[in-house]
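Please open the structure in your viewer and keep the selection tool at hand. We will go from stop to stop, picking residues as we go.

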Amino acid sequence: MKRQGSLQKLNNTFPSNGRGLSKGVKHGVSMSPKQKVYQGVLDEIRKFIEVNDLKPGDKLPSERELSDKLGAGRSSIREALRAMELIGIIETRHGGGTFLSKYRPYHTVELLSTFILSQTTKDDLLIVKQLLEKEAAKLLFHQMDQHKLEQLTNIVNDPSLTMKELHYSFFKNIVELTENQLLARIWGLIDQYSKSFTGHYSREFYLNLIKLYNTQNYSTIEGLFNEE
């Protein structure tokens with residue numbers, strides 16, 4: 001039954017390996033010990049939600065149960081749960097425990113990204129943002145139609161927008177028009193953290209990109225970004 005004891009479900013889903021979170025942490029990306037614990041907690045909670053097919057209103061294991069099973073301190077568990085509550089994934093009811101509010105798989109990506117981005121340099125953020133914008137522009141090429149072209153053209157021709165506002169609106173539309181929800185969320189997170197120091201391209205850049213879409217000249221999109 002789905003509503004049996006939370007700790008028993010957690011034990012059945014994740015047999016103990018005696019090494020806490022170390023087995024669950026992915027390799028290949030250098031992270032601080034605090035980041036590893038945070039990622040491990042989020043990953044295990046995500047697995048628990050998905051494997052047990054929890055729905056809004058279902059109860060999550062307690063902090064103590066999660067701490068015992070995952071081999072992480074209760075403060076780390078509490079930090080991860082608080083972050084999940086802040087964006088509305090879970091809700092805490094006084095005296096009743098923690099319950100699932102709403103959940104999508106990309107939510108834990110958003111939480112972990114927020115944690116990592118807060119410790120990332122300005123240069124790194126801007127480089128990654130430009131890479132995402134370039135790849136989004138290339139991805140949209142294969143989905144372009146006249147209506148989308150008109151949307152982008154209207155943004156570039158809007159005299160009320162500053163260049164920074166134009167850049168934001170232009171690429172916000174591009175990433176959203178790709179209909180890749182994860183790409184749009186990652187770009188949005190990076191834009192949020194880099195908003196105070198992010199720049200923009202020349203006005204000709206945006207017009208030239210629209211022209212490339214119009215003439216279906218995919219091969220020169222890469223060069224257009226490299227020129228800026």
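Across the whole structure of this predicted model, a search finds 10 salt bridges. Start by selecting Lys55 and Asp53, whose side chains meet in one of them, at 2.9 Å from N to O. Lys55 is partly exposed, with a relative accessible area of 40%, and Asp53 also counts as partly exposed, at 42%.

Next, go to helix α6 (residues 122–141) and pick Glu135 and Lys138, which are three residues apart and so separated by about one helical turn. Their side chains form a salt bridge of 3.4 Å, N to O. Buried or exposed: which is Lys138? Lys138 is buried, because its relative accessible area of 14% falls under the 20% cut-off. Glu135, at 40%, is partly exposed.

Keep Lys138 selected and add Glu222: these side chains meet in a salt bridge too, at 2.9 Å. This pair links distant parts of the chain, with Glu222 in helix α11 (residues 221–227) and Lys138 in α6, 84 residues apart. Add Lys134 to see one network, in which salt bridges with shared partners join Lys134, Glu135, Lys138 and Glu222.

Now select helix α9 (residues 181–194). Its end C-alpha atoms are 20 Å apart, which agrees with the span expected for 14 residues. At its N-terminal end, Asn180 acts as a cap, with a side-chain oxygen 3.3 Å from the backbone nitrogen of Leu182. Buried residues of α9 include Leu183, Trp187 and Ile190.

Finish at strands β1 (residues 90–93) and β2 (residues 97–100), which pair antiparallel over four bridges. Glu91 has Phe99 as its bridge partner in β2. Between the strands of this hairpin lie three residues, and Gly95 takes a positive phi near 80 degrees.

Key
Residues are numbered from 1 along each chain as its sequence is written. This is a predicted model: local features need pLDDT of at least 70, side-chain atom pairs count only at pLDDT 80 or more; totals for chains, interfaces and linings use all residues. Side-chain values use heavy atoms; hydrogens and water are left out. Two strands pair if DSSP finds at least two bridges between them. Helices (H or I, at least four residues) and strands (E, at least two) are DSSP runs, numbered from the N terminus. The expected span of a helix is 1.5 Å times one less than its number of residues. Buried means under 20% relative accessible area, exposed over 50%, partly exposed in between (1.4 Å probe, protein chains only). A polar contact is a pair of N or O atoms within 3.5 Å; within protein, one must be able to donate a hydrogen and the other to accept it, and residues adjacent in sequence count only if both atoms are side-chain atoms. A salt bridge is a side-chain nitrogen of Lys or Arg within 4 Å of a carboxyl oxygen of Asp or Glu.
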